[in-house]
Amino acid sequence: MILEIDFNSEEALYLQLCNQIIMGIASSRFREGDSLPSVRQLADSIGINMHTVNKAYTVLKQEGYVKVDRRRGAVIAIDVDRIQTLAELRKELQVILAKGSCKNISKEEIFALMEEIYEEYESE
């Protein structure tokens, strides 16, 4: 499992881990049923505190991306309700699009950016 953590970023390490795993799911690097490394293994391989990894796994579980199995540990389980996810995405996109509008970014530029991002998921 290759996760890229930027220790110089202002973004919290646990959020970087969460985002890397979510992006891995979106790009099909991680699939339904795949086991994630144990908290200790991942912490050791990245060189971070076990509590940071545990917090990332807890957030991913709360958001419906993983489930915890006593025998297998954290497992990719995308069981998020689609309607709920769409509603959450709508709220997030409203803010992102408002920021873009304030900076005079056109609808066409937004669509081109979205297309570019989706192509990255499809090519991996």
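**Architecture, principal pocket and surface of the predicted chain**

Of the 124 residues in the chain, 24% are buried, where buried denotes under 20% relative accessible area, exposed over 50%, and partly exposed the range in between (1.4 Å probe, protein chains only). The model is predicted, and local features accordingly require pLDDT of at least 70, side-chain atom pairs count only at pLDDT 80 or more, and totals for chains, interfaces and linings use all residues. Residues are numbered from 1 along each chain as its sequence is written, and side-chain values use heavy atoms, with hydrogens and water left out.

The chain contains five helices and two strands, assigned as DSSP runs numbered from the N terminus (helices: H or I, at least four residues; strands: E, at least two). From the N terminus on, the order of these elements is α-α-α-β-β-α-α. Along the principal axes, the C-alpha atoms occupy a box of roughly 50 × 35 × 25 Å.

The largest pocket has a volume of about 1,400 Å³. Its lining comprises 30 residues, of which I22, Y65, L89, E92 and Y121 are the closest to the centre of the pocket. Pockets were identified on a 1 Å grid over the protein atoms alone, as open sets of points where a 1.4 Å probe fits, with protein on both sides within 12 Å along at least five of seven lines; lining residues have an atom within 4 Å of a point. Grid points were joined across faces, edges and corners, and the volume is the space filled by probe spheres set on the points. Helices α1 (13-26), α3 (50-62), α4 and α5 (107-123) each contribute at least two residues to the lining of the largest pocket, and the largest share, eight residues, is supplied by α4. By residue class, this lining consists of 20 nonpolar, five polar and five charged residues; Ala, Val, Leu, Ile, Met, Phe, Trp, Tyr, Cys and Pro were counted as nonpolar, Asp, Glu, Lys and Arg as charged, and the others, Gly among them, as polar.

On the surface, L86, L89, L93, I96 and L97 form a nonpolar patch of about 430 Å². Patches are made of residues with over 30% relative accessible area and no salt bridge, with like charges joined within 9 Å and nonpolar side chains (Val, Leu, Ile, Met, Phe, Trp, Tyr) within 5 Å. A salt bridge is a side-chain nitrogen of Lys or Arg within 4 Å of a carboxyl oxygen of Asp or Glu. Within this patch, L97 belongs to helix α4 (residues 82-102) and counts as partly exposed because its relative accessibility is 41%.

Two residues that are not glycines adopt a positive phi: S28, at about 70°, and N104, at about 60°. S28 is located in the loop between α1 and α2 (39-46) and, at 33% relative accessibility, is classed as partly exposed. N104 is located in the loop between α4 and α5; its relative accessibility of 69% places N104 in the exposed class.

Two residue pairs illustrate separations in sequence and space. V68, in strand β1 (residues 66-69), is exposed, with a relative accessible area of 56%. V68 and S101 lie 33 residues apart in sequence and 41 Å apart in space, C-alpha to C-alpha. Q16, in helix α1, is buried, with a relative accessible area of 6%. Between Q16 and E115 the separation is 99 residues in sequence and 23 Å in space, C-alpha to C-alpha.

Terms used: Areas by Shrake-Rupley, 256 points an atom, 1.4 Å probe, with all protein chains shown as cover.
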